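Okay, thanks everyone, let's get going. I'll put the structure up and then walk you through a few spots in it.

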Amino acid sequence: MAEHTMPDPVVHVTDIQELARDLVVIPNRQVQLVPNIGIIGGRDSVLVVETGMGSGNAEKVLEFAAGYAKGRRLFLTTTHFHPEHAFGAQTFAGEATFLINQAQAEDLKVKGPGYIDMFKGLGEPVARQLEGVTLAQPDVVYEQSYDLDLGGRVVRLRATGRAHSKGDQVVRVPDADVLFTGDLAEAGQFAIFPWFPPYDTDVSGTRWLSVMRRLAAEGAEVVVPGHGEVGGPQLLADVRDYLRLLRDETWIRRDSAVSERTIIDEVSALMIERHPDWAGRDWIEKGVGCLCSEHPA
Ligand SMILES: [Zn+2]
């Protein structure tokens, strides 16, 4: 990975945002490797979406969720297996029912251990959060879709198929028209392509684009991205349009046999010009690399 000085990926349980009745988000406050975390309540149960990275963060999230639940039963789900989203799930064992899609459970089991090592290499603050992490086993695993009845409120969990990772899922709360996208959508930054050949090549730009087309078409009044500020339906359209442009500009150059280095330089310049205020510019290069590999030869 690139030489980043990673900030301490600490979840701060402050500035809680109420998005609808009995539905709040612990915002990531623009801190890298901290996700937006959702708490969705019903009459009988409360669903937590994402854990934060490692036990220390997850303990804070669990403490907040338990206080919020006031005796209601706790469920936990994660949008995908990446460390800041799911590597705190072990802390919820015995306290919450951990429920995820099959493909994500597979990712967690197969790729989880390698990701602990890889992320520990990102610097001391990250390594500290991951100290002693053991990967959780889900209590309930579903194939494509699961409707979780919290009591007077049904939450729809849907596996999207491979996109940002093999096992992405989205969480929709129909009565409030809120959608949790995980890292399928980011606000104020370039799409995160975890493209690290030969170690990890699961991300697919073309499949991700199809997923975003579908999500943008379905819409949602409130969109909670994996990272960055909570927004509206435009957020889904923005990611879709970015991915489409990234694919088109990459493939046009690939068609005329331009070298990958040149494609990266030209496409990066173009994307930065288009989105000068977006963070995470290093992810453009990863995206181009991924889409080059998906170019129909
Ligand atoms: Zn991710």
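I'll begin with the domain, go on to one crossover and its helix, and end with some backbone oddities and a residue far from that helix in space.

Keep in mind that this is a predicted model. The UniProt entry, which is unreviewed, carries the annotation "domain: Metallo-beta-lactamase" for residues 34–227. Across that stretch we have 31% helix and 28% strand, and the C-alpha atoms at the two ends sit 7 Å apart.

Now go to the end of that range, strand β12, residues 222–227. Is β12 mostly enclosed or mostly open? Of its 6 residues, 5 are buried, so the rest of the structure largely encloses it. Its partner here is β11, residues 178–186: the two run parallel and are joined by 5 bridges. One pair you can click on is valine 178, whose bridge partner in β12 is valine 222. To get from β11 to β12 the chain goes through helix α5, residues 205–218, and that β-α-β crossover is right-handed.

Let's stay on α5 for a bit. First, a sanity check on its length. With 14 residues at 1.5 Å each, α5 should span 20 Å, and its end C-alpha atoms are indeed 20 Å apart, so that agrees.

Which residues of α5 are buried? They are Gly205, Trp208, Leu209, Val211, Met212, Leu215 and Ala216. These cover an arc of only 165 degrees around the axis, so they end up on the same side of α5. If you look at the spacing in that list, remember the usual rule: an α-helix has 3.6 residues a turn, so residues three or four places apart point the same way. On the face turned away from the buried side of α5 you find Ala217 and Glu218, which are exposed.

And what sits over those buried residues? The cover of α5 includes the strands β10 (169–173) and β11, plus the helices α6 (233–255) and α8 (282–293).

Okay, backbone oddities. Right after α5 comes glycine 219, with a positive phi of about 70 degrees. Back on the other side of α5, in the loop that links it to β11, is proline 198. The peptide bond between proline 197 and proline 198 is cis, with omega at about 5 degrees.

Then there are two positive phi values in residues that aren't glycine. One is aspartate 177, with phi near 55 degrees, in the loop between β10 and β11. The other is leucine 33, at about 65 degrees, in the loop between β2 (23–26) and β3 (37–41). Buried or exposed, what would you say for leucine 33? Leucine 33 has 24 C-beta neighbours inside 10 Å, so it counts as buried. Aspartate 177 has 15, so that one counts as partly exposed.

Last stop, valine 24, which lies in strand β2. It has 18 C-beta neighbours inside 10 Å; the cut-off for buried is 20 or more, so valine 24 counts as partly exposed. Leaving out residues up to four places away in sequence, valine 24 touches Ile16, Gln17, Glu18, Leu19 and Ile39. How far is valine 24 from leucine 209, C-alpha to C-alpha? The answer is 28 Å in space, with their positions 185 residues apart in sequence.

That's my tour, so over to you for comments.

Definitions and conventions. Residues numbered from 1 in each chain as written. Predicted model: local features only at pLDDT ≥ 70, side-chain atom pairs only at ≥ 80, totals over all residues. UniProt positions renumbered as here; feature names shortened; annotations may be inferred. Helix = DSSP H or I, 4+ residues; strand = E, 2+ residues; numbered from the N terminus. Buried ≥ 20, exposed ≤ 12 C-beta atoms within 10 Å, placed from the backbone. Pairing = 2+ DSSP bridges. Right-handed = clockwise from strand over helix to strand, strands pointing away. Expected span 1.5 Å × (residues − 1). Arc of directions from axis to C-beta. Contact = placed C-beta atoms within 7 Å.
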